[in-house]
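Grab a pencil and open the viewer. Below are a few exercises, each with a solution you can follow step by step.

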2 protein chains.
Amino acid sequence: MVIIGGGFGGLSAAKALRKADVRITIIDRHNHHVFQPLLYQVATATLSPGDIASPIRWILRNQRNTRVLLGDVSAIDLQARRVTLVDGAVVEYDYLIVATGASHTYFGHDEWAAHAPGLKTLEDALAIRRRILVAFELAERETDPARRQRLLTFVLVGGGPTGVELAGTLAEIARQTRPEFRNIDTHATRIVLVEAGPTVLANFAPTLRDAAHRSLERLRIEIRENARVTGIDADGVTVGSERIAAGTVLWTAGVAASPVTSTLGVPRDRAGRVIVEKDLSVPGHPDAFVVGDAAASVDGKGRPLPGVAQVAIQGGAHAARTIVRRLHGETSQPFSYFDRGSMAIIGRGSAVADIRGLRISGPLAWLAWLFLHIFELIGFRSRLVVMVEWAAAYFTRQRSVRLITYQDH
Amino acid sequence: MVIIGGGFGGLSAAKALRKADVRITIIDRHNHHVFQPLLYQVATATLSPGDIASPIRWILRNQRNTRVLLGDVSAIDLQARRVTLVDGAVVEYDYLIVATGASHTYFGHDEWAAHAPGLKTLEDALAIRRRILVAFELAERETDPARRQRLLTFVLVGGGPTGVELAGTLAEIARQTRPEFRNIDTHATRIVLVEAGPTVLANFAPTLRDAAHRSLERLRIEIRENARVTGIDADGVTVGSERIAAGTVLWTAGVAASPVTSTLGVPRDRAGRVIVEKDLSVPGHPDAFVVGDAAASVDGKGRPLPGVAQVAIQGGAHAARTIVRRLHGETSQPFSYFDRGSMAIIGRGSAVADIRGLRISGPLAWLAWLFLHIFELIGFRSRLVVMVEWAAAYFTRQRSVRLITYQDH
């Protein structure tokens with residue numbers, strides 16, 4: 001059988017099958033699994049890429065029934081039961097799990113992509129890190145006050161957890177790096193968080209949203225709600241009738257299922273996600289499953305499931321269990337999602353968390369966030385190093401990985 | 001005054017002037033200082049770039065007489081006393097220290113550069129890391145035995161410390177990653193170290209060279225001495241009359257002073273290094289100095305100084321002191337280099353060290369190497385993190401940063 005994607009969904013499926021009598025090929029176009037909830041910390045120079053990513057091959061080294069293939073899937077043929085890679089290689093399967101995740105979408109404005117990068121891969125994170133750091137460097141060299149202020153203006157499009165986390169960390173960078181500059185006052189940094197919907201952190205309870213609001217305002221982050229972006233270019237952003245001159249625009253607003261889902265030839269929703277059966281299989285193809293961000297799945301009450309790690313992890317495991325049931329001649333069970341809660345960090349000592357109805361904010365939520373994320377990282381070494389990095393960052397108030405690296409050939 | 005370059009030489013000069021009544025502008029095309037002796041550990045996936053590099057701005061944050069400029073110098077005009085950047089900006093100076101270091105040279109065979117990258121910057125290290133990791137991935141997918149063996153063959157051109165260190169670490173990677181592959185036996189990895197001169201580690205005493213030889217042979221590294229590379233292409237290397245089919249060729253053989261020294265219009269040696277006066281000033285320009293790898297400097301006995309960190313560090317400090325003397329109306333003193341010794345690491349528990357005549361090899365030299373390098377890193381955080389990373393690498397026998405990242409936009 002074949003698993004496409006070594007993210008949360010694919011890895012969870014592979015691990016759930018470690019004792020099954022199957023031969024698994026897991027294909028990913030990256031050689032590494034990324035712990036996506038901490039990707040924004042790479043983008044904001046707190047952690048190194050190596051702290052939150054591990055080779056898929058290494059993670060599965062002891063699982064003898066699994067081989068790992070570095071390859072970019074270009075098409076899936078559900079009828080012929082085979083997967084084609086970009087380099088022309090063909091891999092056949094009896095069972096298939098598609099866990100290819102999502103990439104960003106600009107709602108028909110692909111021309112915005114060049115000016116407002118999104119954050120899905122390590123490469124994205126390094127590109128964003130470079131943009132942020134270069135903006136401060138250019139501002140330091142700029143003599144024209146208006147252009148300098150433009151360089152010190154950051155607009156975050158999208159008020160979900162990633163947007164909030166980026167905004168909070170940017171505010172900290174501005175505060176912490178002040179002694180390093182001679183010509184600019186980094187306190188003049190302007191951070192604008194733009195959300196098209198009625199509120200930032202829409203998936204959180206109103207009390208937590210209020211707490212997050214207060215924290216963001218304390219960091220002097222400008223929040224624009226019910227605000228639709230109508231233009232992005234090299235000079236800034238247009239939000240409704242307001243023009244914001246900005247040197248850096250980051251995009252966390254729209255996600256769409258990875259393009260390979262279009263080759264399946266089955267119905268998808270507006271975001272390109274495959275509309276799956278209750279057991280996560282593809283309609284008409286009980287041997288093929290789609291899990292995580294690439295799937296439009298619903299909970300028991302018919303409500304769409306969010307694009308978070310837990311949905312992918314539990315979905316991957318469910319698809320794996322369903323395959324084992326099929327192999328044993330049993331019928332499949334519907335997927336039921338267990339919501340473990342949601343969290344968002346805002347800044348030093350500040351976060352919001354909703355853990356199955358237990359709603360907390362402030363330092364306690366922040367500590368809970370830290371420990372849960374360290375706990376969930378893969379590998380003892382990553383946990384240890386991230387703990388050391390965070391402790392050093394907390395006590396020295398430094399961003400340690402502020403490296404501008406260019407196109408690495 | 002202006003310092004060009006934030007490497008060992010430039011940083012050392014800036015720090016030596018921290019209490020001087022001067023206004024310093026330090027210009028570098030990277031925003032970070034790199035601890036070059038550990039660069040090969042980034043190239044071989046042991047350390048993250050952030051572990052061995054720090055923003056120059058951060059290092060000098062408390063030195064109020066110094067501003068840091070991110071910029072690429074295109075020309076130096078010694079007559080007009082000004083420095084021009086690639087973007088057209090001009091910076092004037094009264095005193096100048098050129099500490100622009102070296103890049104690799106292919107002895108007139110620039111066409112080799114594409115097939116045999118060198119190791120001078122973080123970008124170089126990340127590119128080499130990708131090549132090494134991709135070679136194993138491609139081998140795992142290759143079905144033709146000859147092509148597979150070619151992919152598993154690594155040739156290192158240049159038998160200095162960097163070549164030896166890369167060879168030793170590659171042998172470890174091959175040994176450690178064996179359980180992760182299903183189709184290849186990484187023990188079949190072939191590593192060839194090619195040195196044009198009569199011996200590898202030519203700067204070391206014969207007893208230490210012998211010890212290094214034995215260690216390399218224990219790791220099954222093939223050593224070719226008195227062996228001149230006559231061709232490098234996409235398929236491998238020609239060494240004299242021998243053809244070695246190799247998937248990865250790395251270049252540590254030749255260095256040349258950075259190209260900007262050619263704009264000075266003063267005599268240079270064959271490697272492009274500026275032939276400086278005894279006080280490291282440029283002949284005819286007592287207000288301009290060249291230090292480190294960009295200078296051809298000699299010791300008290302007229303012997304050329306090696307291209308190592310200590311020569312740059314001590315040279316930078318000497319140029320700084322000379323400027324202070326000039327400002328006080330005193331005459332300059334000749335530069336005298338204090339040789340603190342040299343070290344090279346070969347593998348786990350194996351190194352050679354020559355510390356002012358004290359010659360050691362084996363585990364003791366290895367420990368000395370570890371502690372000296374941790375001690376010399378900049379910043380408490382880097383020391384702590386590198387210590388944790390090395391401890392984890394030692395006990396888990398893992399390379400933790402095996403990430404293939406592509407051109408980051």
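**Exercise 1: Two chains meeting**

How many residues of chain B are in contact with chain A, and how many residues of chain A do they touch?

*Solution.* Keep in mind that you're looking at a predicted model.

Step 1: Count the contacts. On chain B there are 43 residues in contact with chain A, and they meet 43 residues of chain A.

Step 2: Find where they sit. On chain B, the elements giving two or more residues to this side are α3 (49-52), β4 (53-55), α4 (56-59), β5 (66-70), α5 (122-141) and α11 (380-396).

Step 3: Sort them by class. The chain B side splits into 19 nonpolar, 12 polar and 12 charged residues.

**Exercise 2: From one copy to the other**

Work out which turn and shift lay chain B on chain A, and what kind of axis that gives.

*Solution.* Step 1: Start with the general idea. Two copies of a chain are related by a rotation about an axis plus a shift along it.

Step 2: Put in the values. A turn of 180° with a shift of 0.0 Å along the axis lays chain B on chain A, with an RMSD of 0.0 Å.

Step 3: Name the relation. This is what a two-fold axis does.

Step 4: Check the contact surface. The same surface serves both copies, as 100% of the contact residues of chain B recur in chain A.

**Exercise 3: An open sheet**

Trace the open sheet of chain A, and explain why one side of β5 and of β20 is left without a neighbour.

*Solution.* Step 1: Write down the order. The 6 strands in chain A run β5-β2-β1-β9-β21-β20, with mixed pairing.

Step 2: Look at the edges. β5 (66-70) and β20 (281-282) of chain A each have a single partner strand, so one side of each has no neighbour in the sheet.

Step 3: Zoom in on one pair. In chain A, β9 (residues 96-98) and β21 (residues 285-290) run parallel and are joined by 3 bridges. Here A:L96 sits opposite A:A288 of β21(A).

**Exercise 4: Three hairpins**

Follow the hairpins of chain B that are made by β6 and β7, by β7 and β8, and by β14 and β15.

*Solution.* Step 1: Begin with β6 (residues 73-77) and β7 (residues 82-85) of chain B, which are antiparallel over 4 bridges. B:A75 faces B:T84 in β7(B). There are 4 residues between the strands, and B:R81 takes a positive phi near 55°.

Step 2: Move on. β7(B) also pairs with β8 (residues 90-92) of chain B, antiparallel over 3 bridges. B:R82 has B:E92 in β8(B) as its bridge partner. This hairpin has 4 residues between its strands, with B:G88 at a positive phi near 95°.

Step 3: Finish with β14 (residues 229-233) and β15 (residues 236-239) of chain B, joined antiparallel by 4 bridges. B:G231 is partnered by B:T238 in β15(B), and 2 residues lie between the strands of this hairpin.

**Exercise 5: Crossing helices**

Describe how α1 and α9 of chain B cross.

*Solution.* Step 1: Take the geometry. The axes of α1 (residues 8-16) and α9 (residues 309-327) of chain B come within 7 Å and cross at roughly 35°. The crossing of α1(B) and α9(B) is right-handed.

Step 2: List some contact residues. Among them are B:F8, B:G9 and B:A13 of α1(B), and B:A312, B:I313 and B:G316 of α9(B).

Step 3: Sort the contact of α1(B) with α9(B). You get 9 nonpolar, 5 polar and 1 charged residues.

How values were computed: Residues are numbered from 1 along each chain as its sequence is written. Chains are lettered from A and ligands numbered from 1 in the order in which they are written. This is a predicted model: local features need pLDDT of at least 70, side-chain atom pairs count only at pLDDT 80 or more; totals for chains, interfaces and linings use all residues. Copies are superposed by least squares on the C-alpha atoms of residues with pLDDT of at least 70 in both. Two residues are in contact if their C-beta atoms, placed from the backbone, lie within 7 Å. Ala, Val, Leu, Ile, Met, Phe, Trp, Tyr, Cys and Pro count as nonpolar, Asp, Glu, Lys and Arg as charged, and the others, Gly among them, as polar. Two strands pair if DSSP finds at least two bridges between them. Axes are lines fitted to C-alpha atoms, for helices over the stretch in contact, and angles run from 0 to 180 degrees between N-to-C directions. A crossing is left-handed if the near helix is turned anticlockwise from the far one by less than a right angle, and right-handed if clockwise.
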